[in-house]
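Work through the exercises below with the sequence and the 3D view side by side. Try each task before reading its solution.

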Amino acid sequence: MSKHFWQKKPPVWIYLLLLVVCTSGLSVYLVSSSTEKPTTEEQKAPSYRADYHFTAPDKWKNDPQRPVYFNGKYHYYYLYNKDYPSGNGTEWRHATSEDLVHWHDEGIAIPKYTNKNGDPWSGSVVVDKNNTAGFGQNAFVAIVTQPSKNGGKQEQFLWYSTDHGKTFTSYSDKLIMSNPGTKDFRDPKIIWDDEHHKWMMVMAEGTKIGFYESADLKNWQYTSGFFTKDIGLIECPDLYMMRADDGTVKWVLGASANGKTAGKPNTYAYWIGTFDGKEFSPDHNEPQWLDYGFDWYGGVTFESGTESDKLTKRYALAWMNNWDYAHNTPTLQEGFNGMDSIVRDLTLKHAGDHQYYLASQPIEALNELTASTDYYEQIEVDGTKTLPVSGDVYQLETDISWSDLQNTGLRLRESADRTRHVDVGIFTAGGYSYVNRGFTGHPDKTNHSLESKAPFDTGKKQVHVKVLVDKTSIEVFIDDGKVAHSSLIFPPLTDKGITLFSEGGKAVFKHVKIQHLN
C-alpha cells in the first residue's frame with residue numbers, strides 16, 4: 001500500500017473497519033493523510049539500554065582503560081568479554097570519540113588467549129611521542145596485566161600499536177615486570193612525568209600502591225610504596241598533577257577501594273599531596289572520595305586533548321556497576337551487561353587550611369543533547385508537589401532553600417500511583433545528602449546498598465542540586481560537585497514522574513530546569 005493511498009483524511013468507516021480487523025487479531029498498517037513516518041521511539045522496542053551513557057555493544061564490559069587523545073580523537077579501551085555469560089576472559093575493545101559523548105566502535109584491539117599468557121586485564125596505554133620505546137614516533141604502547149603461564153601469577157606484559165591504536169602486537173611472550181611475590185600485582189597506570197623527565201607507573205599491590213620509573217617503557221625500577229589502611233583491596237591506581245583554583249599545583253593519588261567496613265564508599269579514594277619523582281607524600285592520611293554512590297568503580301582520569309593548559313581541568317569516568325551484584329541487570333535479556341558513567345570535568349578546589357578537594361561536574365558537551373527544556377522560576381513546597389512534566393532521560397538542576405525542615409528533595413522516575421520512585425535529597429536532621437533507590441527496582445538483592453549518604457553541613461540553609469537521569473542510572477552532583485552520588489536503578493520504563501517534596505517545613509525550589517536529552 002502506497003503511503004499516498006489517501007490524499008485526504010479517510011472516511012470514518014475506514015477507521016471502523018480497521019478497528020474490527022485489529023481486534024480480530026490481525027496486523028494492519030494505518031496510513032493517514034499526514035504520510036509521517038513513525039518516530040524513533042515508536043520504532044524501538046522497549047529497552048533498558050542507556051540513551052546517553054556508553055554501553056557495551058553486546059555481551060560484557062567492565063574496567064575502563066584511561067583514554068588517550070590522538071589526531072583529533074579520544075581513543076578509549078575497555079575490558080570486554082565476547083563469550084559472556086558462558087565463557088570467561090577479557091580483551092581490550094576500542095572506541096573513539098571527538099566529544100566524549102558520541103562513540104564509534106573500533107572492534108578488538110588486544111585479543112585474549114593468543115599466547116600462553118592468557119587474557120589481558122587492566123593496564124594503561126600511552127602515545128609514545130618521542131619514541132622512547134623504539135616502536136616508532138607516536139606508537140601506542142600498552143602495559144597490561146596478564147595472568148601468565150608462570151603459575152597464574154599477575155605479571156606485566158607490553159603490547160604496541162603502529163596503526164594509531166587500531167590493533168596491538170605482543171612485544172614478547174616474556175614479561176617486562178615480574179611478580180615481586182605478592183598475590184595482587186596489577187592494573188599498571190603510566191604517566192609521563194615532565195617535571196622529572198621519565199615515565200612513572202603506579203601499581204595495585206594488595207593494600208599498597210607501588211611506584212616505578214622507566215626511561216623506555218620496557219625496563220622498570222621500583223622507587224617506593226604508599227600503604228593504605230581500612231579501605232580494602234586497591235585496584236586501578238591513578239596519579240596526576242593538577243592546579244587548584246588558588247594557583248597551587250598539587251599531585252593527586254587515586255585508586256578504586258572498598259571502604260564499606262569503615263562506613264565509607266566502595267568507589268574512588270584519593271589523596272592530595274606532593275610527589276618528588278620517587279615518593280608520594282599525602283597532605284592528610286585519610287582519603288577523600290570522588291563518589292558516594294554504589295556504582296562508580298574502576299575510575300580513570302585523563303587529560304583534555306584540546307586544552308592548552310593540562311593542569312586546570314581533567315576528565316573522569318568509571319564503570320557503573322558493583323562486584324557485589326555485577327550480573328544482576330535486566331539488560332542481560334537484551335544480550336549485554338555493562339555501562340560507564342558520564343564523563344565528568346574534574347577541578348581542584350582550595351577549601352582553606354591546607355585542604356583541597358576534587359570537584360566533579362558533567363561535561364558541557366552533554367548539553368548538546370538537549371531536545372527540549374522545562375523551566376520553573378520558583379516553586380514553594382510544603383509536603384509534595386508533582387510537576388506537570390515527566391521523563392526518563394534528562395538533566396535536572398535546581399536551588400533549594402529552607403529555614404527549618406527535616407528533609408527535602410526530589411522523587412524521580414516516579415510511578416503513576418507514586419509507590420515507586422528514586423529519592424534525591426538533603427536530610428538536614430541527620431546532616432547528610434542522599435540518594436535512595438530502595439523504593440524502585442535496583443540490582444542489590446541483599447538490600448544492603450539502598451541509600452548512599454554523604455556529609456552535609458547542617459548550618460547551611462540552601463543547596464544546588466544537579467541530577468542526570470537515564471534509563472538505568474542516576475548521577476547526582478551537590479553544590480559545586482564536591483559530593484557526587486552515582487548508582488544504578490532499574491525502574492519500570494513507564495515510571496517517569498517528577499515530584500518535589502519537603503518534610504517538617506517548607507522548601508523553596510528556585511530555577512528548576514529540566515533538560516530532556518535526546
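**Exercise 1.** Which residue in strand 32 is the bridge partner of Glu475?

Solution. Keep in mind from the start that this is a predicted model. Begin with strand 31, which covers residues 473–478, and then turn to strand 32, residues 483–488, which runs antiparallel to strand 31 and is joined to it by 6 bridges. Following the bridge from Glu475 across to strand 32, you arrive at Ser486. The hairpin of these two strands has 4 residues between the strands, and within it Asp479 takes a positive phi near 50 degrees.

**Exercise 2.** Find the residue that stands opposite Val476, and describe how its strand is connected to strand 31.

Solution. Look now at strand 30, residues 462–470, which is also joined to strand 31 by 6 bridges and runs antiparallel to it. The residue that stands opposite Val476 of strand 31 is Val467. As for the connection, a hairpin leads from strand 30 to strand 31 through 2 residues.

**Exercise 3.** Are the residues that point either way from strand 31 buried or exposed?

Solution. First sort the residues by direction: Ser473, Glu475 and Phe477 point one way, while Ile474, Val476 and Ile478 point the other way. Next, apply the cut-off for burial, which is under 20% relative accessible area. By this cut-off the residues of both groups are buried, and the strand as a whole is mostly covered, with 6 of its 6 residues buried.

**Exercise 4.** Which residues have the most contacts inside the largest nonpolar core?

Solution. It helps to recall that in soluble globular proteins nonpolar side chains tend to be buried together. In this model the largest nonpolar core has 52 residues, and those with the most contacts inside it are Phe211, Leu253, Leu412, Val465, Val467, Ile474 and Phe509. A second, separate core of 23 residues includes Phe477, together with Tyr52, Ile363 and Val393. Returning to Phe509, and leaving aside its neighbours within four places in sequence, you will find it in contact with residues including Ile379, Val381, Ile400, Leu410, Leu500 and Phe501.

**Exercise 5.** Place Arg344 in its sheet, and then explain what its salt bridge with Asp291 ties together.

Solution. Start from the open sheet, in which 4 strands follow the order 18-19-21-22 with antiparallel pairing. Its edge strands, each pairing on one side only, are strand 18 (297–302) and strand 22 (355–362). Strand 21, residues 344–352, pairs with strand 22 over 8 bridges, and Arg344 stands opposite Pro362 of strand 22.

Now turn to the side chains: those of Asp291 and Arg344 meet in a salt bridge, at 2.3 Å from N to O. Because Asp291 lies in the loop between strand 17 (288–289) and strand 18, whereas Arg344 lies in strand 21, the pair ties together parts that are 53 residues apart in sequence. Both Asp291 and Arg344 are buried.

**Exercise 6.** Decide whether Arg93 and Asp105, which meet in a salt bridge, are each buried or partly exposed.

Solution. The structure holds 27 salt bridges, and in this one the N to O distance is 2.6 Å. The pair links distant parts of the chain, with Arg93 in strand 3 and Asp105 in strand 4, 12 residues apart. Since its relative accessibility is 11%, Arg93 counts as buried, whereas Asp105, at 35%, counts as partly exposed.

Conventions
Residues are numbered from 1 along each chain as its sequence is written. This is a predicted model: local features need pLDDT of at least 70, side-chain atom pairs count only at pLDDT 80 or more; totals for chains, interfaces and linings use all residues. Side-chain values use heavy atoms; hydrogens and water are left out. Buried means under 20% relative accessible area, exposed over 50%, partly exposed in between (1.4 Å probe, protein chains only). Two strands pair if DSSP finds at least two bridges between them. A nonpolar core is a set of buried Ala, Val, Leu, Ile, Met, Phe, Trp, Tyr and Cys residues joined through side-chain atoms within 4.5 Å. Contact means heavy atoms within 4.5 Å. A salt bridge is a side-chain nitrogen of Lys or Arg within 4 Å of a carboxyl oxygen of Asp or Glu.
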